[in-house]
Amino acid sequence: MSVYSKAIEEFQALNSQLKKEKLLSLLRKFETLDEIFVKLINSVSSKNYTDRILVWIYKVLVSSLEKIEQMDLQKWLDELQSLFLVLEKIQQAEALDRQQEWDPELWLEQILSTNF
């Protein structure tokens, strides 16, 4: 088992709060490297990501660290930019789901259409 695999395994065993703290700690080590880290820090800090999303972000970061030995820094930063774009899409999809679930006009239309 590689050091990276072991790190991911240990991360998965943590509770949600510790996962968030450990992920933020890792991201902060790189925040001066590129703006993408600041965006990720802000996103992880301000959003209530599920354990699954936190583990996914951590895996991407740790896997990227493993790959960095084989590629240049710019390619790694490009991969992280892609990660951030995926996170933004997830946030947009979650916001749409919440809006549809709690849209009072839609709810009213559904009630009125079935009762009248």
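This short talk walks through confidence, the nonpolar core, an aromatic pair and one lysine.

What you see is a predicted model, in which local features need pLDDT of at least 70, side-chain atom pairs count only at pLDDT 80 or more, and totals for chains, interfaces and linings use all residues. Residues are numbered from 1 along each chain as its sequence is written, and side-chain values use heavy atoms, with hydrogens and water left out.

The average pLDDT is 80, where pLDDT is the predictor's confidence in each residue, from 0 to 100. Confidence is highest in helix 2, at 94, and lowest in helix 6 (residues 104-115), at a mean of 65; helices here are DSSP runs of H or I with at least four residues, numbered from the N terminus. Where pLDDT is low, the predicted coordinates should not be read in detail.

Turning to the core, the largest nonpolar one has 27 residues, meaning buried Ala, Val, Leu, Ile, Met, Phe, Trp, Tyr and Cys residues joined through side-chain atoms within 4.5 Å, with buried meaning under 20% relative accessible area (1.4 Å probe, protein chains only). Helix 4 gives the largest share of this core, 8 residues.

Tyr58, among the residues with the most contacts inside that core, is also in contact (heavy atoms within 4.5 Å) with residues including Ala7, Phe11 and Leu26. Both Phe11 and Tyr58 are buried.

Finally, where does Lys20 sit? Lys20 lies in helix 2 (residues 16-28), and beyond its neighbours within four places in sequence, Lys20 is in contact with Val44, Ser45, Lys47, Asn48 and Leu54.

Notes
Helix = DSSP H or I, 4+ residues; strand = E, 2+ residues; numbered from the N terminus. Buried < 20%, exposed > 50% of the residue type's maximum accessible area, 1.4 Å probe, protein only.
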